[in-house]
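Got the viewer open? Here is a walk through the model, one selection at a time.

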Amino acid sequence: MSEPILVLDDLSVDYGGVSAVRGLNLEVGAGEVVGLIGPNGAGKSTTLLSIMGLERSASGDIRFDGLSIVGESPDAIARRGIGMVPEGRRIFPDFSVAENMRLGMLRRPARKHRADLEWVEQLFPVVSRFWSRQAGALSGGQQQQLAIARALVGAPRVLLLDEPSLGLAPGVIDTLFETLAVVRDRGVAVLLVEQRAQLTVSFANRTHVMRNGELVATLGPEDAGDTGRMAHAYFG
Amino acid sequence: MELIQSLIDSTALGVLYALVAMGIGLIFGVMRLVNFAHGELITVGAYTLFMTKAYPGAVRVGAALAVVLLVALLMEFLYRPLRGATAATMLVATFAVSFVLQNALLLVFGPQGASIDFLPALNRAVEIGELRIRWITIIAVAVGGAILGAMMWLLGKTTVGLQIRAAAADFRTAQILGVRAGFVIRLAFAIGGLLAGVVTLVLAVQRPLVTPTYGFLVLVPALVGVVVGGLGRLLPATLGGFVIGFATVALGDILPSGSRVFLNSLLFALVIVVLLVRPDGLFARRAGVAERV
């Protein structure tokens with residue numbers, strides 16, 4: 001059987017002289033959601049940043065579709081087919097929604113733009129409704145939808161999400177996870193960093209718990225109701 | 001009538017400084033680097049015009065633009081290891097490049113100055129009623145205005161412009177969307193170089209004696225303009241350049257002839273007042289959310 005689309009192989013990352021991620025092994029296959037949870041400073045975001053080429057790994061390997069992408073520039077990694085919704089959304093608030101989306105489409109050939117956009121607009125009607133509006137004028141939930149829509153319109157094969165539910169109302173979070181299910185069912189490999197542990201564990205195919213830069217436990221959806229096991233994995 | 005005359009002359013210098021300011025602002029936008037050696041692009045262009053004296057005007061224009069573009073791209077290559085370096089490191093490095101270039105030109109051409117002799121006929125005035133406007137002033141306003149307009153179109157309406165704006169607003173996010181970092185930085189230097197080249201051509205007609213500090217003396221007021229307008233965003237920076245150029249000529253016309261030696265003192269006193277009142281720049285919006293281009 002061929003290798004999963006995204007493989008982290010004994011990955012270690014130093015962040016500001018401190019060892020932020022140590023010997024991490026992780027795989028995400030097409031059509032899978034893998035969760036990554038853990039306390040603040042556990043190394044979750046650093047892991048995503050290093051996959052994206054924004055943090056240099058100290059050792060180990062990151063493979064996309066069987067090929068090592070370590071050392072490649074973030075834009076080259078993006079063009080390979082890895083999309084990211086960074087922490088804090090990072091939409092361009094002074095640009096229109098349309099311009100934000102056009103940036104998301106950069107890595108795709110022009111002939112694919114219409115189909116990509118149609119699919120994303122179905123998932124996120126907010127995009128077409130506010131197409132000409134300044135992105136900074138949207139509500140927090142709408143901005144989060146725009147950030148995900150912008151990542152998806154580039155038709156990524158792997159989608160990295162860094163705390164997408166942060167600051168969102170509970171109802172909006174439910175919608176967000178429903179949308180992620182659609183994305184997963186389309187065959188996209190999703191690596192989801194979240195603070196909402198229970199929701200993530202119940203939603204993801206499997207969820208890894210990180211603490212102090214190391215992977216300390218792996219939970220399945222069946223563990224979501226077992227608060228004792230979850231708390232033990234989370235806090236040790 | 002004197003007022004209109006003064007307005008036209010002020011606009012001409014304003015447009016010139018705006019072009020320099022835009023070049024500086026573009027490069028700062030995508031690399032967070034204030035290129036102190038930007039003035040030397042103009043100087044190198046002026047010496048190219050001097051060196052090609054024997055050739056027809058079109059050849060000289062082409063040569064000057066090509067050399068300035070080449071030097072701008074060389075600067076980009078030199079600054080490449082500085083990406084992500086601290087502001088202080090970048091500042092010292094660009095100062096160094098500026099001084100090395102100035103002194104290299106001093107060694108080759110000497111300090112006396114060389115006569116460029118580039119289209120001197122354009123200094124003749126055309127009379128419209130009581131107005132006497134030099135051809136080069138009309139050309140400076142027209143060409144400069146057209147280029148500024150074209151730049152606004154490029155940045156606002158094209159995909160390439162969108163990439164430059166995105167890189168200037170949030171470099172990391174632009175990169176994770178697939179914006180090629182190297183490409184937008186090289187492009188910013190190339191455009192900045194071409195803008196400096198155009199400034200060279202206009203300046204060479206107006207100020208026909210080139211010395212090693214020829215461009216540096218233009219860079220300083222333009223840079224002040226960039227800071228006055230707001231360093232972080234391209235349009236305010238460009239407007240700031242325009243304001244400084246405009247104010248230089250306008251103040252010179254307003255001051256009695258005996259007091260013109262105080263022109264720069266007065267101008268910089270005004271700059272200090274502006275920065276005390278609006279430290280982020282005259283045209284800056286509230287900090288934090290401002291788009292940088």
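Which residue is the bridge partner of Val7(A) in β2(A)? Select Val7(A) and look across to β2(A): the partner is Glu27(A). Keep in mind as you click around that this is a predicted model.

**Stop 1: the four-stranded sheet of chain A**

Now show the whole of β1(A), residues 6-15, and β2(A) next to it: they run antiparallel and are joined by 7 bridges. Widen the selection and you get an open sheet of 4 strands, in the order β2-β1-β4-β5, with antiparallel pairing. At the edges sit β2 (18-28) and β5 (67-68) of chain A, each of which pairs on one side only.

From β5, follow chain A toward α2 (74-80), and in the loop between the two you will meet Glu72(A). Is Glu72(A) buried or partly exposed? It has 17 other C-beta atoms within 10 Å, so it counts as partly exposed; the cut-off for buried is 20 or more. Leaving aside residues up to four places away in sequence, Glu72(A) touches Gly53(A) and Ile77(A). You can also draw a C-alpha to C-alpha distance from Glu72(A) to Arg56(A): they are 16 residues apart in sequence and 9.6 Å apart in space.

**Stop 2: the six-stranded sheet of chain A**

Next, colour the other sheet. This one is open, has 6 strands in the order β6-β7-β8-β3-β9-β10, and its pairing is mixed. Its edge strands are β6 and β10 (214-219) of chain A, each pairing on one side only. Sight along it to see the twist: neighbouring strands are turned by 20° against each other on average, direction ignored.

Start at the β10 end. Here β9(A), residues 206-211, pairs with β10(A) in the antiparallel sense over 5 bridges. Pick Thr207(A) and you will find Leu219(A) of β10(A) standing opposite.

Now bring in the helices. α6(A), residues 140-152, packs on the sheet and touches β6 and β7 of chain A, and its direction makes about 175° with that of β6(A). α7(A) packs on the sheet too, touching β3 (33-37), β7 and β8 of chain A, with its direction at about 150° to that of β8(A).

**Stop 3: β7(A) up close**

Zoom in on β7(A), residues 158-162. What does it pair with on either side? β6(A), residues 82-85, pairs with β7(A) in the parallel sense over 4 bridges, and β8(A), residues 189-193, also pairs with β7(A) in the parallel sense, over 5 bridges. Val158(A) is a handy marker: Ile82(A) stands opposite it, and its bridge partner in β8(A) is Ala189(A).

How many of the residues of β7(A) are buried? The count is 5 of 5. Show the side chains and remember that in a regular strand they alternate between the two faces of the sheet. In β7(A), Val158(A), Leu160(A) and Asp162(A) lie on one side, Leu159(A) and Leu161(A) on the other, and both faces are covered. To finish here, trace β7(A), then α7(A) (residues 170-185), then β8(A): together they make a right-handed β-α-β unit.

**Stop 4: across to chain B**

Switch on chain B and select the contacts between the chains: 16 residues of chain B are in contact with 21 residues of chain A. On the chain B side, the elements giving two or more residues are α6 (159-169) and α7 (171-176). By class, that side divides into 8 nonpolar, 4 polar and 4 charged residues.

Stay with α6(B). It is largely enclosed by the rest of the structure, because 8 of its 11 residues are buried. Among them are Leu162(B), Gln163(B), Ile164(B) and Arg165(B). The cover over these buried residues includes α3 (97-104) of chain A, along with α1 (2-31), α5 (135-157), α7 and α8 (181-206) of chain B.

**Last stop: a helix pair in chain B**

Select α2(B), residues 38-51, and α3(B), residues 57-79. They pack at an angle of about 145° with their axes 8 Å apart, and the crossing is right-handed. Residues making the contact include Leu41(B), Val44(B) and Gly45(B) of α2(B) and Ala63(B), Ala64(B) and Val67(B) of α3(B). Taken by class, the contact has 9 nonpolar, 2 polar and 1 charged residues.

Technical notes:
Residues numbered from 1 in each chain as written. Chains lettered and ligands numbered in written order. Predicted model: local features only at pLDDT ≥ 70, side-chain atom pairs only at ≥ 80, totals over all residues. Buried ≥ 20, exposed ≤ 12 C-beta atoms within 10 Å, placed from the backbone. Pairing = 2+ DSSP bridges. Right-handed = clockwise from strand over helix to strand, strands pointing away. Contact = placed C-beta atoms within 7 Å. Nonpolar A, V, L, I, M, F, W, Y, C, P; charged D, E, K, R; others polar. Axes fitted to C-alpha atoms, helices over the stretch in contact; angles between N-to-C directions. Left-handed = near helix turned anticlockwise from the far one by under 90°.
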